[in-house]
Amino acid sequence: MVTIDIKNCNLTQIYESGQCFRWEMLAQGGFRIPHGNHEVQVIQKDHTFQFNCSQQEFEDIWSDYFDLSTDYGAIIGRVDSKDRYLTEAVRYGEGLRILRQDVWEIIITFLLSQNSNIPRIRKNVRDLFALTDGRVPTPSQLKAMSEEDLRALGVGYRAKYLIGAGKFFSDYQPEQLYTMSYEQAHQTLMKCPGIGPKVADCICLFGLHHVDAFPIDTHIRQILSSHYPKGFPLEQYRGCAGILQQYMFYYDLKK
DNA sequence: ACCCAGGCCATCT
DNA sequence: AGATGGCCTGGG
């Protein structure tokens with residue numbers, strides 16, 4: 001068991017924020033948190049967290065997963081106080097963090113996310129992973145699945161994208177993406193069936209931690225048109241724009 | 001009933 | 001290059 005204080009970390013906010021779809025809320029407000037084929041249970045009381053794992057595992061895996069080396073308070077502090085909307089958004093979601101998730105897991109889950117909603121994505125991911133005994137299906141396992149079997153899970157037309165991604169990443173190791181720049185990774189991801197500009201940006205932000213990736217979905221598009229008609233000031237927020245996007249997305253989602 | 005949800009792709013002009 | 005419609009499914 002590891003007990004630790006963490007600032008700017010609210011498990012419920014992260015759970016709701018639509019960046020991870022395999023977390024499960026437990027009784028007493030704890031969470032079961034899968035990451036690749038690892039898993040931990042965490043309980044939060046204010047700023048104090050209990051991880052039911054060894055100190056060694058915490059340092060090897062979970063400290064990095066929760067991006068504990070990044071000061072989110074400093075990012076919030078960068079927000080222009082004259083920007084009322086953004087100031088309110090970061091205040092509202094002050095417990096959000098961008099998790100450092102496994103890129104292949106993120107590819108699968110964000111392929112399923114398109115034209116969908118959070119409860120349905122969770123169900124699709126759970127049902128898909130159940131086919132491989134709760135583990136993350138490997139590219140070759142996905143490649144070998146039939147479109148019919150996948151459609152039976154209710155993933156609809158995304159079934160062929162999953163198979164296509166399995167094929168694509170059987171030849172092309174997902175881990176290679178970690179060595180690339182944001183632009184390179186985005187360009188490469190777009191070559192995979194079912195990955196367009198928006199999903200590629202989500203994978204860059206949530207799977208590769210390229211914090212300048214700025215995914216524009218229907219919510220963000222709406223926010224930009226009403227609050228930033230001239231576009232979001234990406235240059236001003238270089239190095240954290242994607243993180244600010246997450247605060248705006250969450251604020252809009254909960255309103 | 002109808003529309004939309006964290007879009008992508010094929011098929012046009 | 002840019003615009004349009006189709007696509008699976010579930011919930012409001």
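A disulfide is a pair of cysteine sulfur atoms within 2.5 Å. In chemical terms, a disulfide is a covalent bond between the sulfur atoms of two cysteines. This report applies that cut-off to a predicted model, and then turns to the two DNA strands and to the strands paired with β5.

**Cysteines**

How many disulfides does the model contain by this rule? The count comes to 0. C192 takes part in no disulfide, and the cysteine sulfur nearest to that of C192, in C204, is 13 Å away. C192 is also buried, with a relative accessible area of 2%.

For C204, the closest cysteine sulfur is that of C202, at 9.4 Å. Because a disulfide requires sulfur atoms within 2.5 Å, this distance is too far for a bond. C204 likewise counts as buried, its relative accessibility being 0%. C202 also appears in the description of DNA strand B, as one of the closest residues to that strand.

**DNA strand B**

DNA strand B is surrounded by 25 residues, of which G18, G194, K198, C202 and F249 are the closest. By class, this surface comprises 12 nonpolar, 11 polar and 2 charged residues. Two helices, α11 (197-207) and α12 (218-227), each supply at least two residues of the surface. The most is given by α11, with 5 residues.

Of the atoms of DNA strand B within 4 Å of the protein, 58% belong to sugar or phosphate, and the rest belong to bases. Polar backbone atoms of G194 and V199 each lie close to a phosphate oxygen of the strand, at 2.5 Å for G194 and at 2.9 Å for V199. For S116, a polar backbone atom is instead 3.3 Å from a sugar or linking oxygen.

**DNA strand C**

The residues surrounding DNA strand C are N115, R120, R151, G154, G156, Y157, R158 and K160. Sugar and phosphate account for 57% of the atoms of DNA strand C that come within 4 Å of the protein. The surface near this strand has 1 nonpolar, 3 polar and 4 charged residues.

Which part of DNA strand C lies 2.7 Å from a polar side-chain atom of R120? The partner is a base oxygen. A base oxygen is also the partner of R158, through a polar side-chain atom, whereas Y157 uses a backbone N or O atom towards a sugar or linking oxygen. The distances for both DNA strands are set out below.

| Residue | Protein atom | DNA strand and atom | Distance |
|---|---|---|---|
| S116 | polar backbone | B, sugar or linking oxygen | 3.3 Å |
| G194 | polar backbone | B, phosphate oxygen | 2.5 Å |
| V199 | polar backbone | B, phosphate oxygen | 2.9 Å |
| R120 | polar side chain | C, base oxygen | 2.7 Å |
| Y157 | backbone N or O | C, sugar or linking oxygen | 3.2 Å |
| R158 | polar side chain | C, base oxygen | 2.8 Å |

**Strand β5 and its partners**

Strand β5 (residues 48-51) has antiparallel partners in β1 (residues 2-5), joined to β5 by 4 bridges, and in β4 (residues 38-45), also joined by 4 bridges. F51 of β5 stands opposite V2 and is the bridge partner of V42 as well.

In a regular strand the side chains alternate between the two faces of the sheet. In β5, F49 and F51 form the covered face, while T48 and Q50 form the uncovered one. The hairpin of β4 and β5 has 2 residues between the strands, and D46 in this hairpin takes a positive phi near 55°.

Definitions and conventions. Residues are numbered from 1 along each chain as its sequence is written. Chains are lettered from A and ligands numbered from 1 in the order in which they are written. This is a predicted model: local features need pLDDT of at least 70, side-chain atom pairs count only at pLDDT 80 or more; totals for chains, interfaces and linings use all residues. Side-chain values use heavy atoms; hydrogens and water are left out. A residue is near a molecule or strand if one of its heavy atoms lies within 4 Å of it. A polar contact is a pair of N or O atoms within 3.5 Å; within protein, one must be able to donate a hydrogen and the other to accept it, and residues adjacent in sequence count only if both atoms are side-chain atoms. Ala, Val, Leu, Ile, Met, Phe, Trp, Tyr, Cys and Pro count as nonpolar, Asp, Glu, Lys and Arg as charged, and the others, Gly among them, as polar. Buried means under 20% relative accessible area, exposed over 50%, partly exposed in between (1.4 Å probe, protein chains only). Two strands pair if DSSP finds at least two bridges between them.
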